[in-house]
Each structure stands twice: as C-alpha cells, then as structure tokens.
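Hello,

Here is the structure I promised to pass on. Have a look at it first, and then read my notes below.

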Amino acid sequence: MTESCGNIVLFGETGVGKSSIVNMIADAQIAQVAVRGHVSTFQYHSYVLPVHGRNFTIFDTAGIDEGDDGVPRTEAIAGLYKLIIGLNGGINLLMLCMRGPRIKNATHRNWKAFYEILCKKQVPAVLAVTGLENMENMDDWWWDNRDKFEKQGIRPDATACITAIRGRMGPNGNLLHEIHFTASRAKVMTIITDKVLRCAPELEKIEWFSNVTTSYLFGWVRWTTTQEAAEIEKIVDTCGMSEKEAEKFREELRAIKC
C-alpha cells in the first residue's frame with residue numbers, strides 16, 4: 001500500500017524532537033536528528049509511514065529558532081509557509097513540537113503564526129511535548145500547564161505528552177524509558193488517525209498568500225490589498241520580528257513562487 005491518507009507537518013524549534021518523533025513512528029532510525037548550527041538553509045524531509053494500517057506523509061522541517069546559529073528565522077518561516085501552501089492534496093494536520101518541561105515564548109509565537117494566521121484555524125492542530133521521560137505520569141504535564149496555554153488562546157485539538165527516546169540500558173537489562181516510549185508511540189499514532197481521518201477535508205492554498213505572490217510575479221512590487229498587507233503585519237508582529245527581520249521576511253515572501 002503506497003497511497004497516502006494525508007499530509008502531516010511537524011514544526012518547532014531545533015532540538016525539540018521532530019526527527020525523533022518520525023523515528024518513533026517508523027520504529028526505526030530513518031530521520032537524522034538535527035544539530036544546532038549544522039544547517040544554514042531551510043530544509044525539510046518527507047516520509048511515507050504506516051500508522052495503524054494506513055500510510056501518511058510526514059514532513060520533518062528545519063527548526064524555527066530565535067538565535068542565529070542555524071537557518072535564519074525569516075528564511076525558515078518563509079520556507080515552511082512555502083511547504084504548507086504548496087503541498088499536493090493540501091495539509092491535513094499541523095503538529096507543533098516543543099520540549100518540556102519549560103514553556104518558551106517561541107512556542108506561542110509559532111502556534112499563532114502557523115495555525116491562526118497562515119492556516120486560518122481551518123486544519124487540525126496538535127501539540128507534542130517531548131522530553132517528559134522522567135515523569136511518572138507524562139500526561140500530568142499538560143494538566144499542570146494547560147491554563148498557561150489557554151491564557152494565550154492556544155487550545156490544541158489534542159496534546160501528546162511523550163518521550164521519543166528509549167534511554168540507555170538499565171541494570172536489569174531493559175531500556176530505561178521503554179515503557180514510556182511505547183506509550184508515547186501509541187499516543188502519537190492514535191492522534192494522527194483520529195485527527196486526520198475524522199476531521200474536515202484538508203486546507204487548500206491560502207488565498208491571500210497566493211495573491212501576494214502572483215502580484216509580484218506580474219511585476220508589481222507592492223501588496224495588492226490592505227487586507228493582504230495586514231496579514232503580513234500580523235505575522236511580523238506575532239513572531240516579534242525586528243525591522244530588519246521584517247524587511248528580510250517580506251523579501252523572502254516575494255521570492256516564493258507558488
């Protein structure tokens with residue numbers, strides 16, 4: 001069986017476990033774990049993986065980082081937008097990945113920029129929180145922190161509190177986090193089937209973004225409408241871009257050909 005039942009995009013900062021989640025779903029080391037400072041241009045990798053007897057295409061994307069030791073943030077954001085709006089068949093699920101237990105401002109910014117502004121809240125969006133292998137009950141993390149997200153207006157369709165590592169070998173000959181790992185894999189796979197197969201059809205290209213790009217291609221160097229310009233500014237404000245970053249971001253958008 002090779003037909004894909006949907007497109008799933010994993011996004012978030014570098015080092016939060018996106019590639020590890022891919023490997024966990026595959027139950028094999030097929031994705032290379034990213035290292036800060038080792039990637040200088042936006043990249044993504046796609047994998048067609050079986051989940052509960054059905055194939056899904058999972059996109060592992062470059063990190064959207066606040067620092068300057070990897071892909072420039074403006075390029076990463078514009079590149080991820082290009083990926084999302086250009087997917088054949090549209091997008092079926094957004095999975096924002098973050099590493100617990102600490103909540104960073106980037107988590108809120110990335111959620112709002114991609115789910116609220118780019119995807120217009122029209123696709124299922126879930127939160128995967130990694131790095132919780134030392135908690136007795138990983139799900140407690142969400143219940144302890146849920147109100148912090150809700151105060152920011154962030155209400156994911158589902159949350160997976162997980163570990164994507166099996167850990168080292170323990171004194172009894174078993175991997176330390178094997179039980180948590182197995183439970184985590186089941187959580188992520190169930191979320192994928194539930195949110196992709198049981199939800200509304202995928203989101204097609206974002207109209208405002210396509211219009212902006214088309215205008216540029218026809219030789220116009222200004223945004224075509226006030227509404228389109230407002231959408232751009234929402235992204236700039238949400239991501240906390242400096243004036244220099246904002247101008248660079250606009251340049252990246254103009255360079256995208258849908």
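N145 sits in helix α4, residues 140–151 (helices, H or I of at least four residues, and strands, E of at least two, are DSSP runs numbered from the N terminus). With a relative accessibility of 8%, N145 counts as buried (under 20% relative accessible area; exposed is over 50% and partly exposed in between, with a 1.4 Å probe and protein chains only). Its side chain reaches the backbone oxygen of W141 at 2.7 Å.

This is a predicted model, where local features need pLDDT of at least 70 and side-chain atom pairs count only at pLDDT 80 or more, while totals for chains, interfaces and linings use all residues. Residues are numbered from 1 along each chain as its sequence is written, and side-chain values use heavy atoms, leaving out hydrogens and water.

Now to the interior. The largest nonpolar core (buried Ala, Val, Leu, Ile, Met, Phe, Trp, Tyr and Cys residues joined through side-chain atoms within 4.5 Å) has 46 residues. L80, Y81 and F249 are among those with the most contacts inside it. Helix α2 gives the largest share of this core, 8 residues. Domain 1 (7–195) and domain 2 (205–257) both contribute residues, so the core lies between them (the bounds come from an automatic or database domain assignment). Another core, of 28 residues including I21 and M24, lies apart from it.

Some backbone details, too: the peptide bond from G100 to P101 is cis, with omega near 5°, and P101 is in the loop between β4 and α3. H52, although not a glycine, has a positive phi of about 50°.

Best wishes

Key. A polar contact is a pair of N or O atoms within 3.5 Å; within protein, one must be able to donate a hydrogen and the other to accept it, and residues adjacent in sequence count only if both atoms are side-chain atoms.
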